[in-house]
Amino acid sequence: LLSVGLMIILMVTNRELPFFDALCISCSTISTGGFGIRNDSIASYNNGWTELVVLLFMIVGSINFVHYVSLARGKFSRLWDPELLFFFIALSGMTLL
């Protein structure tokens, strides 16, 4: 579902993005592989929205799947899990560096 959602959002935010490119980007973004089909990767599309959407979905794709299952079951207390909190703290710290 994440890959399909990302592909749709990419095509809506960047009308010049071909379907095949959106498909490949969505598959590599969710797996956080960072692979691109062009030499410049995401930069070759020259679109800030594309970069932002890919960045957000890379973060979403790196969260443990157990948290998604817990949220779907209505267990919002899993949002305070030490693993998830450490992840966001480490991500924020590395971003500030």
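This is a short talk on the core, the cysteines and the aromatic pairs of one structure. Please keep in mind that the model is predicted.

I will start with the core. The largest nonpolar core has 12 residues. In sequence order, they are L6, M7, L10, L17, A22, I25, I30, I42, Y45, V53, V54 and F57. Three helices each supply at least two residues of this core: helix 1, residues 2-13; helix 2, residues 19-30; and helix 3, residues 48-61. As general background, nonpolar side chains in soluble globular proteins tend to be buried together.

One core residue to look at on the screen is Y45. What does Y45 touch, leaving aside its neighbours within four places in sequence? The contacts are N14, L17, D21, I25, I37 and R38. Of these, L17 and I25 are also listed in the core.

Next, the cysteines. How many disulfides does the count come to? The count is 0. Take C24 and look for the closest cysteine sulfur: that one is in C27, 6.8 Å away. Starting from C27, the closest cysteine sulfur is the one in C24, again at 6.8 Å. A disulfide needs the two sulfur atoms within 2.5 Å, so at 6.8 Å this pair is too far apart for a bond. As for exposure, C24 has 21% relative accessibility and counts as partly exposed. C27 is also partly exposed, at 45%.

Last, the aromatic pairs. A search of the whole structure finds 2 of them. One is F65 with Y68: the ring centres are 6.4 Å apart and the planes are at 55°, so this pair is tilted. Where do F65 and Y68 lie? Both are in helix 4, residues 65-72, and they are 3 residues apart, about one turn of the helix. Are these two residues buried or exposed? F65 counts as exposed, with 60% relative accessibility, while Y68 is partly exposed at 27%.

The other pair is F87 with F88. Here the rings are 5.2 Å centre to centre, with 65° between the planes, and the arrangement is edge-to-face. F87 has a relative accessible area of 24%, which makes this residue partly exposed. F88 is partly exposed as well, with a relative accessible area of 35%.

To recap: a largest nonpolar core of 12 residues, 0 disulfides and 2 aromatic pairs. That is the end of the talk.

Technical notes: Residues are numbered from 1 along each chain as its sequence is written. This is a predicted model: local features need pLDDT of at least 70, side-chain atom pairs count only at pLDDT 80 or more; totals for chains, interfaces and linings use all residues. Side-chain values use heavy atoms; hydrogens and water are left out. Buried means under 20% relative accessible area, exposed over 50%, partly exposed in between (1.4 Å probe, protein chains only). A nonpolar core is a set of buried Ala, Val, Leu, Ile, Met, Phe, Trp, Tyr and Cys residues joined through side-chain atoms within 4.5 Å. Helices (H or I, at least four residues) and strands (E, at least two) are DSSP runs, numbered from the N terminus. Contact means heavy atoms within 4.5 Å. Rings of Phe, Tyr and Trp (its six-membered ring) pair if their centres lie within 6.5 Å; planes under 30 degrees apart count as stacked, over 60 as edge-to-face and the rest as tilted.
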